[in-house]
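Good morning, and thank you for making time for this item. Please look at the sequence and the structure on the screen, and then I shall take you through the fold.

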Amino acid sequence: VAVFTHEIQSSKPLRFVIELGRPVPIHAGAAGRAILAGLPPEEAEELLGGEPLQVITPNTISDPGELLRLADEDRKRGFAVSIEERVPGGASAAAPFFDRGGRCVGSIVFTIPLARLEMDSIDQIGVAVSESAVKLTEQLRSVRHPRDSGLTSR
């Protein structure tokens, strides 16, 4: 599972609402698929297991092999796209971000009601999300851990 921890709410009257702190299946939607793409392939495979996964909407991808293939495509492209895979009427684009050690620790996701999405802009949205994830990764990599300060405790 994945958990949404932060959000910036749209000012548009028709918007996609995220429930912070509520676990969501990692296999359904762009946010989780971006995390799968950010993991080493063997770790993503282990996480998904070999059995079919829960179908949430008619567009949910439940086959672990297909999810791994899509995660590989997402990894090469730099972002994942989901159209009604987790929420009917919802679309999203997401990209993984990484900690100082290079480990995927989450994803930045852009969500939008499908009724407001111009389909020819999805790649542009995905690139913007990917660029934001790169910037966040750079910020996380520049944060010094207390143990790196040269100070020791007695």
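Leaving aside its neighbours within four places in sequence, which residues is isoleucine 35 in contact with? In this predicted model, the residues concerned are Ala2, Ile26, Cys104, Gly106 and Ser107. I begin with isoleucine 35 for a reason: together with Leu36 and Leu39, Ile35 touches the most other members of the largest nonpolar core, which has 14 residues. Two or more residues of this core come from each of three elements, namely α1 (30–38), α2 (41–48) and α3 (64–77). There is also a second, separate core; it has twelve residues, among them Ala93, Leu117, Val129 and Ala133.

Let me now place these elements in the whole chain. The chain contains four helices and five strands, and along the sequence they follow the pattern β-β-α-α-α-β-β-β-α. Of the 154 residues, 36% count as buried. Taking contacts between residues at least 6 apart in sequence, 57% of them join residues at least 24 apart.

I turn next to the helix pair α1 and α3. Two packed helices are described by the angle between their axes and the distance between the axes. Here the axes of α1 and α3 come within 8 Å and cross at roughly 80°. An angle from 65 to 115 degrees counts as roughly perpendicular, and α1 and α3 are therefore roughly perpendicular to each other. On the α1 side, the residues that meet α3 are Arg33, Leu36 and Ala37. Their counterparts in α3 are Leu67, Leu70, Ala71, Asp74, Arg75 and Arg77. By character, this contact of α1 with α3 divides into five nonpolar residues, four charged and no polar ones. Leu36, then, takes part in this contact as well as in the largest nonpolar core.

The sheet is our next topic. Three strands form an open sheet in the order β3-β4-β5, with antiparallel pairing. Which strands stand at the edges? They are β3 and β5 (104–113); each has a single partner strand, so one side of each is left without a neighbour in the sheet. On average, and with direction ignored, neighbouring strands of this sheet are turned by 20° against each other. Helix α1 packs on the sheet and touches β3, β4 and β5, its direction making about 30° with that of β4.

Within the sheet, β3 (residues 80–83) and β4 (residues 90–98) pair in the antiparallel sense over four bridges. Valine 81 stands opposite alanine 93 in β4, and alanine 93 is one of the residues of the second core. The bridge partner of serine 82 is serine 92, also in β4. The two strands form a hairpin with six residues between them, and in the turn glutamate 84 has a positive phi of about 55°.

Finally, consider serine 92 in strand β4. Is serine 92 buried or exposed? Buried means under 20% relative accessible area, and serine 92, at 9% relative accessibility, therefore counts as buried. Apart from neighbours within four places in sequence, serine 92 is in contact with Ala80, Val81 and Ser82, with Val109, Phe110 and Thr111, and with Ala30.

That concludes my presentation, and I welcome discussion.

Methods. Residues are numbered from 1 along each chain as its sequence is written. This is a predicted model: local features need pLDDT of at least 70, side-chain atom pairs count only at pLDDT 80 or more; totals for chains, interfaces and linings use all residues. Side-chain values use heavy atoms; hydrogens and water are left out. A nonpolar core is a set of buried Ala, Val, Leu, Ile, Met, Phe, Trp, Tyr and Cys residues joined through side-chain atoms within 4.5 Å. Buried means under 20% relative accessible area, exposed over 50%, partly exposed in between (1.4 Å probe, protein chains only). Contact means heavy atoms within 4.5 Å. Two strands pair if DSSP finds at least two bridges between them. Axes are lines fitted to C-alpha atoms, for helices over the stretch in contact, and angles run from 0 to 180 degrees between N-to-C directions. Angles under 35 degrees count as roughly parallel, over 145 as roughly antiparallel, 65 to 115 as roughly perpendicular and the rest as oblique. Ala, Val, Leu, Ile, Met, Phe, Trp, Tyr, Cys and Pro count as nonpolar, Asp, Glu, Lys and Arg as charged, and the others, Gly among them, as polar.
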